[in-house]
Amino acid sequence: MGVGTENMDSRRKAFIESGGKAGEEEDASISTSDFMLKVKEPAGQSGSPHPDRGTWGRRVEFILASVGYAVGLGNIWRFPYLCYRSGAGAFLIPYFIMLFLCGVPLLFMEFAVGQYTRLGPVLALAKMCPLLKGVGLSTVVISFVLCTYYNVLMAWALYYLFHSFRSTLPWQSCNSTWNIPQNCSSGFPGNATHLQSASQQFFDHKLLEKTGGIDQPGSMRWELFGVLLLAWVIVYLCIFKGVKSTGKVVYFTATFPYLILTALLINNVQLPGAKNGILYFVTPVWSKLLDVQVWVNAAAQIFNSIGIGFGSMMSLASYNKFNNNILRDTLIVSLANSATSILAGFVIFSAIGYMAHLHNLPVDDIATDGPGLVFVVYPEVFSTMPVSQLWAFLFFLMLLCLGLDSQFAMVEVMVTCVMDGFGPRLLRVLKRKEFVVLVVCFVGFLFGLPDITQGGIFVFQLMDHYTAVVSLMFLAFFEVVAVCWIFGVGRISKMVTKMLGKPPNIFFRVCWMVFSPTLVMCILISSIVHYKPARYGKTYTYPAWAEGVGWFISLISIIWIPLGAVHTLSYSKGTLMQVRHTVQSTATWLEELKSYGWLVSGNQKLSRYLLSI
């Protein structure tokens with residue numbers, strides 16, 4: 001692999017050679033944290049080995065960006081349904097246990113790595129564990145693949161948003177040109193499988209113009225082409241200045257959804273039947289706690305919701321100041337994410353209870369998850385509410401904000417990787433970082449085009465299944481192994497000590513060493529044992545060649561892990577039994593500093609301490 005390694009080495013040597021003399025002239029009684037800051041801060045820069053790397057203007061901007069990334073569409077359409085199916089209120093017990101044994105420690109770990117190294121996941125993980133340096137590149141690849149189709153959801157939200165301005169919501173009746181009157185129902189069809197709701201037909205026949213399968217791609221949906229382009233323009237305008245522009249945007253995008261969720265909850269609980277829906281959501285089924293799969297589901301939900309393994313949290317933290325209190329930020333982000341999921345559950349199931357009451361159907365017939373919840377069920381809910389256009393507009397604006405925050409972070413991973421590895425070369429050609437961001441966004445737009453053809457929904461579902469379900473758990477497992485076991489809990493603790501002035505407590509060290517890796521391994525094994533081929537809806541199964549494409553998509557994101565290991569072993573001196581230096585990355589880096597004369601003779605005691613890391 002080795003992406004950007006040679007460039008990094010040359011820049012680091014140039015910095016060391018130019019900084020050695022200045023170091024000799026300064027006071028020899030330099031403190032440990034001051035020394036580490038000088039290792040990372042060339043003169044005249046704001047805490048970064050790269051001239052163009054910025055920092056968050058205020059700590060709250062980092063918190064809002066991290067909360068915005070963690071709180072995404074999955075909190076709205078995945079958690080409530082999973083909670084309901086996994087024991088309702090009883091599910092919260094394994095959920096919070098997994099949050100504190102897996103989610104919080106691993107988020108703290110990613111924040112620590114990003115803030116300490118001030119690098120994106122590719123170079124940071126390559127320095128920490130060269131043997132598994134491919135993990136860093138894999139996080140970038142999986143984030144980029146995800147962001148190419150995730151922005152399609154933003155295009156759908158924009159499409160619905162624009163249609164909310166009509167005097168009558170277009171998914172409200174069966175009298176439109178795209179409807180099939182003979183099997184269209186103005187409400188929910190219940191067990192009548194031959195009927196579709198008006199909102200379902202709007203989604204299938206108006207938004208998607210869906211064909212019969214992935215082998216029938218059809219033509220380009222030019223309306224979706226336009227809104228997808230608009231979605232990428234919005235993303236670009238929000239991140240083209242780096243954290244300076246993103247830090248300002250998140251003040252709105254990360255807080256506005258909470259206002260809408262609160263307003264929806266206040267409105268929904270006053271509707272008839274809302275109480276029954278909420279009771280379905282919270283009434284505990286204690287027998288479910290004996291089901292191992294419920295515990296695995298809780299761990300997987302925590303893992304996927306916070307976003308461990310995508311490299312985004314690491315990239316966001318790399319723009320922090322060196323001594324930022326990441327422990328406090330970890331707790332804020334984790335608890336805000338979980339609180340939002342629970343709030344969304346009350347909002348969603350109060351509305352579902354209302355619809356069940358209105359159509360005299362069981363809640364089971366309406367409760368669902370995934371895109372169908374926010375683009376089919378909830379639009380149907382709005383059509384029965386007073387001032388339906390206003391509620392629809394606010395809801396889809398909220399979805400847009402939730403999605404954009406997550407999209408910012410995923411695109412930022414790619415930009416950080418490119419700038420860390422190829423920054424000086426690219427800037428010689430493109431002149432400004434803004435043009436680098438533009439190229440990244442344009443490539444993401446091009447890769448999203450297959451998802452907006454008439455058969456694009458089948459491509460979308462295939463990519464989501466093999467990227468967010470299959471690849472992620474393999475990647476997450478190797479990231480935890482690389483950082484917690486190979487790099488070592490001792491070194492992580494010393495990194496945290498240098499940044500915060502005190503070591504992490506015994507709880508975090510035990511979680512990093514035992515609980516978190518074990519839980520990730522259990523999720524991975526469960527994912528393999530309970531693997532199911534991708535499906536769309538309840539009836540459509542993908543042909544064999546499409547399954548092969550899905551596995552190829554999965555492979556291109558994780559193949560870098562073994563390739564990186566082979567590259568390291570091939571180019572390392574000695575036999576296979578003499579690869580200890582492939583995991584002694586910090587000591588190697590500091591030895592290099594010493595060889596260039598940066599560690600001055602007046603600091604030999606400090607030098608020995610640092611080289612012991």
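# A guided tour of the predicted model

Select Cys174 and Cys184 to begin: a disulfide joins the two residues, with a sulfur-to-sulfur distance of 2.0 Å. The model is predicted, and it holds one disulfide. Such a link is a covalent bond between the sulfur atoms of two cysteines.

With both residues displayed, inspect the torsion about the S-S bond of Cys174 and Cys184; it is about -80°, so the disulfide is left-handed. Now add the surrounding backbone. Cys174 lies in the loop between α8 (134-163) and β1 (184-185), while Cys184 belongs to strand β1, so the pair ties together parts that are ten residues apart in sequence. Cys174 has a relative accessible area of 16% and is buried. Cys184 is also buried, with a value of 13%.

Next, select Cys238. This residue is in no disulfide, and the nearest cysteine sulfur, that of Cys401, is 9.4 Å away. Cys238 is buried, because its relative accessible area of 12% falls under the 20% limit. Then move to Cys83, which counts as buried at 1% relative accessibility.

**Aromatic pairs**

The structure holds 45 aromatic pairs. For one of them, display Phe395 and Phe396: their ring centres are 5.4 Å apart and the planes stand at 75°, an edge-to-face pair. Both Phe395 and Phe396 are buried.

Then select Phe477 and Phe478. Their ring centres lie 5.4 Å apart with the planes at 75°, so this pair is edge-to-face. Are the two residues buried or partly exposed? Phe477 is buried, with a relative accessible area of 16%, whereas Phe478, at 28%, counts as partly exposed.

Continue to Phe487 and show Arg491 with it. The charged end of Arg491 sits over the ring of Phe487, 5.8 Å from the ring centre.

**Leu107 and its contacts**

Select helix α6, residues 92-117, and pick out Leu107 within it. Leu107 is buried, with a relative accessibility of 0%. Which residues does Leu107 contact, leaving aside its neighbours within four places in sequence? Display Ile306, Ile308, Met313, Thr330, Val333 and Ser334, each of which is in contact with Leu107. Add Gly309 as well: the C-alpha atoms of Leu107 and Gly309 are 9.6 Å apart in space, although the two residues are separated by 202 residues in sequence.

**Helix α7**

Select residues 121-128, which form helix α7. How many of its residues are buried? Eight of its eight residues are buried, and the helix is described as mostly covered. Colour them in order to follow the helix: Pro121, Val122, Leu123, Ala124, Leu125, Ala126, Lys127 and Met128. Lys127 is thus listed among the buried residues of α7.

**Helices α22 and α23**

For the last stop, select residues 544-558 as helix α22 and residues 560-571 as helix α23. Two packed helices are described by the angle between their axes and the distance between the axes. Here α22 and α23 pack at an angle of about 35°, and their axes are 5 Å apart.

Show side chains where the two helices meet: Ile556, Ser557 and Ile558 come from α22, and Trp560, Ile561 and Pro562 come from α23. By class, the contact of α22 with α23 comprises five nonpolar residues, one polar residue and no charged residues. Ser557 is the polar member of this contact, because Ser is in neither the nonpolar nor the charged class.

Key: Residues are numbered from 1 along each chain as its sequence is written. This is a predicted model: local features need pLDDT of at least 70, side-chain atom pairs count only at pLDDT 80 or more; totals for chains, interfaces and linings use all residues. Side-chain values use heavy atoms; hydrogens and water are left out. Rings of Phe, Tyr and Trp (its six-membered ring) pair if their centres lie within 6.5 Å; planes under 30 degrees apart count as stacked, over 60 as edge-to-face and the rest as tilted. Buried means under 20% relative accessible area, exposed over 50%, partly exposed in between (1.4 Å probe, protein chains only). A charge sits over a ring if NZ of Lys or CZ of Arg is within 6 Å of the ring centre and within 35 degrees of the ring normal. Helices (H or I, at least four residues) and strands (E, at least two) are DSSP runs, numbered from the N terminus. Contact means heavy atoms within 4.5 Å. A disulfide is a pair of cysteine sulfur atoms within 2.5 Å. Axes are lines fitted to C-alpha atoms, for helices over the stretch in contact, and angles run from 0 to 180 degrees between N-to-C directions.
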